[in-house]
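These notebook entries record what I looked up, one topic at a time. The sequence and the model come first.

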Amino acid sequence: MPENSLSLKALRSSLLDTYRGLGVLLMMIFHFSWDLGNFGFIEFSLANPFWNHFRDIIVTIFISAVGWSAYLTMQKHHSIILWKRDLKLLLAIIMISLGTYLAFPNNWIYFGILHFIFLLTFLVRPMTKWPIISCIIGVIIVLIYNTTNWLSFPNVLPYIVHTLHLPTSTLDIAFPFPWIGVALIGITLGYFKIHQCPIPEHLITRILAWMGRYALPIYLLHQLILFALVASARMVLSH
C-alpha cells in the first residue's frame, strides 16, 4: 500500500467519520423532504422553524467537523493529502456551480455550503496552532451573533449580487457568521482528543462511518438520485 494511503488511513477516526456521517444522513432527509414538498407530496417550507433548525443542525455538524478534521490533519503535516483534499473539493465546487447554472440559470449555486467550506478550511488550518484561543474566539462569535445584530450585515449580499450580476435567489447560500465561530470551536474537538472516544460497533455506526468517509461523493450524487425518484413517483401517480 502506498505511503500516502497509510498516512490517510492513520488520520481517520471512526468517531469523526460517524459524526460526519450523521450530518450526511440528516442532509439526505432534509433534501428528500424538500423534493417531496417540491412535487406536492408534503408541505415543506424553510419558513417553518422546524426545517430552519433542522438545517442549522446539519450545518453545525459539517462546519464543526471542518475544524475538527483540520486539527487532526495539521498535526500530521501531510501537505500532499491536504492538496488532494483541496483539489477534490475545488472540482466538486466547479461541478455544482456549473451543473446548477446549466439546469437552473436563474438560481444557480454560486456560494453554497461547499464553497464556504473550501474557503473556511484555509482560515481554520492556521488557527489549529492555537486551539484554546480559537475556541474563545469561536464562542465570542457565536454569542455575538445570537445576542446582537452586529454580524448580520444585511446589505452586503444584495450589494455583491448586484455588483456581480448574480441571481437574487439561489438553491443554496452560505453566510460566514456564525459558522466561522462554529468551525473554530470544532478545532477543540480535536485538541481534547474527542476522536479517541470509543463508539459502539454495530451496523448503524458502521453505516454512518462509511457515509462520513465518502461524504463528498454522497453529497454530489444523492440529490440527483432522490430528485429523480420523487419525480418518477409523481409521474407514475399522475397517470
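In which helix is the place of T100? I worked on a predicted model, and there I located T100 in helix α4.

**Entry 1. T100 and its distance to Y214**

I looked up the accessibility of T100 next. T100 has a relative accessible area of 12% and is therefore buried, the limit being under 20%. I then took a separation across the chain: the C-alpha atoms of T100 and Y214 are 22 Å apart, with their positions 114 residues apart along the chain.

**Entry 2. L220 and I132**

I turned to L220, which lies in helix α10. L220 counts as partly exposed, at a relative accessibility of 21%. What separates the C-alpha atoms of L220 and I96? I noted 7.7 Å for this pair, whose members are 124 residues apart along the chain.

I made the corresponding entry for I132, which I found in helix α6. I132 has a relative accessible area of 40%, and I recorded it as partly exposed. From the C-alpha atom of I132 to that of F175 I noted 24 Å, for a separation of 43 residues along the chain.

**Entry 3. The largest pocket**

How many residues line the largest pocket? I counted 43 in the record of its lining, and those nearest the centre are H31, I109, L171, D172 and Y219. The volume of the largest pocket is about 1500 Å³.

I then asked which helices contribute. At least two lining residues come from each of α2 (14-38), α3 (49-76), α4 (79-103), α5 (113-127), α6 (131-147), α8 (179-191) and α10 (215-238). The largest share belongs to α10, with eight residues. Sorted by class, the lining holds 31 nonpolar residues, nine polar ones and three charged ones.

**Entry 4. Helix α5**

I examined α5 for its length, its bend and its burial. Its 15 residues should span 21 Å at 1.5 Å a residue, and the C-alpha atoms at its ends are 21 Å apart, so the two values agree. Where is the kink in α5 centred? I placed the centre at T121, with a bend of about 30 degrees.

Is α5 mostly covered or mostly uncovered? I found 11 of its 15 residues buried, and I wrote the helix down as mostly covered. The buried positions are I113, L114, H115, F116, I117, F118, L120, T121, V124, R125 and M127. T121 thus appears twice in this entry, as the centre of the kink and as a buried residue.

**Entry 5. Helix α2 and the residue after it**

I checked α2 in the same manner. α2 has 25 residues, and its first and last C-alpha atoms are 35 Å apart, close to the 36 Å expected at 1.5 Å a residue. Just after α2, I noted a positive phi of about 80 degrees at G40.

**Entry 6. Backbone features in the loops**

I kept one general point in mind here: most residues other than glycine have a negative phi, and most peptide bonds are trans.

Which loop holds F153? I found F153 in the loop between α6 and α7. Phi of F153 is positive, near 45 degrees, and the residue is not a glycine. F153 is partly exposed, at 44% relative accessibility.

K193 also has a positive phi without being a glycine, at about 60 degrees. I located K193 in the loop between α8 and α9 (203-213). With a relative accessible area of 46%, K193 is partly exposed.

I then looked up the peptide bond from F177 to P178. This bond is cis, with omega near 5 degrees. P178 belongs to the loop between α7 (156-164) and α8.

**Entry 7. Cysteines**

How many disulfides does the structure hold? I recorded zero. Why does C135 form no such bond? The cysteine sulfur closest to that of C135 is in C197, and at 16 Å it is too far for a bond, since a disulfide needs sulfur atoms within 2.5 Å. C197 is likewise in no disulfide, the sulfur of C135 being its nearest at 16 Å.

I closed the entry with accessibility. C135 is partly exposed at 21% relative accessibility, and C197 is partly exposed with a relative accessible area of 40%.

Technical notes:
Residues are numbered from 1 along each chain as its sequence is written. This is a predicted model: local features need pLDDT of at least 70, side-chain atom pairs count only at pLDDT 80 or more; totals for chains, interfaces and linings use all residues. Side-chain values use heavy atoms; hydrogens and water are left out. Buried means under 20% relative accessible area, exposed over 50%, partly exposed in between (1.4 Å probe, protein chains only). On a 1 Å grid over the protein atoms alone, a cavity is a set of points where a 1.4 Å probe fits but cannot get out, and a pocket is an open set with protein on both sides within 12 Å along at least five of seven lines; lining residues have an atom within 4 Å of a point. Grid points are joined across faces, edges and corners, and a volume is the space filled by probe spheres set on the points. Helices (H or I, at least four residues) and strands (E, at least two) are DSSP runs, numbered from the N terminus. Ala, Val, Leu, Ile, Met, Phe, Trp, Tyr, Cys and Pro count as nonpolar, Asp, Glu, Lys and Arg as charged, and the others, Gly among them, as polar. The expected span of a helix is 1.5 Å times one less than its number of residues. The bend at a residue is the angle between axes fitted to the seven residues ending there and the seven starting there.
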